[in-house]
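Student: I have a structure open on my screen and would like a close look at a single part of it. Could you walk me through that part slowly, and then show me how the rest fits around it?

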Amino acid sequence: MSEKISFKIFESESRFLDSRKNFEETVERFQVRMDPLTGRTGHFSHFGAIKSQKLPLEDYLKPEIKGFCPFCKENRDKRTPKFLKNIIPEGRIEKGETVLIPNLFPYDIYSAVAIMTDGHLCPIDGFTEKILLDALQVGIDFLKRVKSINHELPYHLMSWNYMPPSGGGLVHPHQQYFATEFPGNQFVDEYKASKEFYEKEDKSFWNELMETEKQIGERFIAETKRSFWITPFVSLGILGEIMCIFPDVFSIEDFDDECMNDLVWGLIRIFRYYKQAGIYSFNAAMFFGDKRQRFFSCHFRIVPSTFLNMRDCAPDLHFF
Ligand SMILES: [Zn+2]
């Protein structure tokens, strides 16, 4: 076990008179876990009580539910924007089924959407290696191009909300790519803590985490030449989380074809598992630090999302 990283668990229990058992006194156990990097806490509770809900995929294609979709092939040309010539001379970038366009509702100065498929609906097992790789290549190329135009924006992000429970506004599969000075709270907390760890321990937190997780073996999933896959000790989602670390990728410039192939290799396997587990929706993101540092490795997170039930469509986001 690492002396530099600790996995803290506070175990406790709650007692009450149980209406399900004739009001006998009952004990329910729970855990509070502390993220080994940021110290953020996660409550580990209601074991097995929440099941991923089946989404009515066929209904999403009915005209009255589908409504107008600007990402559908027949609408794209007229109803989606184009980039300025100094950014993308062709206006949009296309590869296979992927079309990269500017976001009509940008998150930052350079904010792109990669429409991933021709078809409006792509079930989780419909994402082929080619679809995933084309979208990723186009998105990463865009970020690299942006980086060469504007050095002022140090951080780069890829994000993907898939299907309505994730907060995805359109069912049509799409990813977001943007460059920013303000990469979000999760990113900033991790970045600061990674820097502090590096300064104190003279070693990257991410390398230490990989060695430790491999030794423990409980959450380690797989390793390829460039990527390392685990389930994080504190999950961001109710139905768990999978994380992929690229230890030798620190900024967008370092993310090459080999990394993309490794990411797609993992995604195909995750989607196979999601299909089997009845998971219909997820949130995913990939975080890139700035060029000069060596303490914040690029990493990708994917978290299943679900409505808690299909009657009220209550989301699985909660107050913690
Ligand atoms: Zn569509």
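Is alanine 284 buried, partly exposed or exposed, judging by the other C-beta atoms within 10 Å?

Tutor: Happy to take you there. Please keep in mind that this is a predicted model.

Alanine 284 is partly exposed, because 19 other C-beta atoms lie within 10 Å. The cut-off matters for this step: a residue is called buried if 20 or more other C-beta atoms lie within that distance, and exposed if there are 12 or fewer. The residue belongs to strand 12, which covers residues 281-288. If we set aside the neighbours within four places in sequence, alanine 284 is in contact with Ser159, Trp160, Phe300, Arg301 and Ile302. Tyrosine 162 is another residue to pick out: 122 residues separate it from alanine 284 in sequence, yet the two C-alpha atoms are 8.3 Å apart in space.

Let us follow that lead along the chain. Strand 7 is made up of residues 155-162, and methionine 163 sits in the loop between strand 7 and strand 8 (174-180). Methionine 163 is buried, because it has 25 other C-beta atoms within 10 Å. Its backbone deserves a look too: phi is near 75 degrees, a positive value in a residue other than glycine. Most residues other than glycine have a negative phi.

Asparagine 22 gives you a second case of this kind, with a phi near 55 degrees, again positive in a residue that is not glycine. You will find asparagine 22 in the loop between strand 1 and strand 2. Its surroundings can be set beside those of methionine 163: asparagine 22 counts as exposed because it has 7 C-beta neighbours inside 10 Å, whereas methionine 163 is buried.

While you are in that loop, look at serine 19, which lies between strand 1 (8-18) and strand 2 (24-34). Serine 19 also counts as exposed, with 9 C-beta neighbours inside 10 Å. From serine 19 to leucine 37 is 18 residues along the chain, and their C-alpha atoms are separated by 40 Å. Further along, glycine 39 occupies the loop between strand 2 and strand 3 (41-44). Glycine 39 has 11 C-beta neighbours inside 10 Å, so it counts as exposed. Between glycine 39 and valine 249 there are 24 Å from C-alpha to C-alpha, with their positions 210 residues apart in sequence.

Now for the helices. Two packed helices are described by the angle between their axes and the distance between the axes. Helix 3 (residues 129-149) packs with helix 6 (residues 257-277) at an angle of about 140 degrees, and their axes are 10 Å apart. The two helices are therefore oblique to each other, and their crossing is right-handed. On the helix 3 side, Glu129, Leu132, Leu133, Leu136, Gln137 and Ile140 take part, and they meet Met260, Leu263, Val264, Leu267 and Ile268 of helix 6. By character, the residues of this contact divide into 9 nonpolar, 1 polar and 1 charged.

Helix 3 also holds lysine 147. Lysine 147 is partly exposed, since 19 C-beta neighbours are found inside 10 Å. Leaving out residues up to four places away in sequence, lysine 147 touches Ala179, Ile252 and Glu253. Isoleucine 216 is 69 residues from lysine 147 along the chain, and 38 Å separate their C-alpha atoms.

Finally, step back to the whole chain. Its secondary structure comes to 6 helices and 13 strands. Of the 320 residues, 34% count as buried. Among contacts with a separation of 6 or more, 64% are between residues 24 or more positions apart. Along its principal axes, the C-alpha trace spans about 70 × 55 × 30 Å. The radius of gyration is 21 Å, which agrees with the value near 20 Å for a compact globule of 320 residues.

To return to your starting point, then, alanine 284 is a partly exposed residue of strand 12, with Ser159 and Trp160 among its contacts.

Terms used: Residues are numbered from 1 along each chain as its sequence is written. This is a predicted model: local features need pLDDT of at least 70, side-chain atom pairs count only at pLDDT 80 or more; totals for chains, interfaces and linings use all residues. Helices (H or I, at least four residues) and strands (E, at least two) are DSSP runs, numbered from the N terminus. The radius of gyration is taken over C-alpha atoms; the globule rule is 2.2 Å times the number of residues to the power 0.38. Two residues are in contact if their C-beta atoms, placed from the backbone, lie within 7 Å. Axes are lines fitted to C-alpha atoms, for helices over the stretch in contact, and angles run from 0 to 180 degrees between N-to-C directions. Angles under 35 degrees count as roughly parallel, over 145 as roughly antiparallel, 65 to 115 as roughly perpendicular and the rest as oblique. A crossing is left-handed if the near helix is turned anticlockwise from the far one by less than a right angle, and right-handed if clockwise. Ala, Val, Leu, Ile, Met, Phe, Trp, Tyr, Cys and Pro count as nonpolar, Asp, Glu, Lys and Arg as charged, and the others, Gly among them, as polar.
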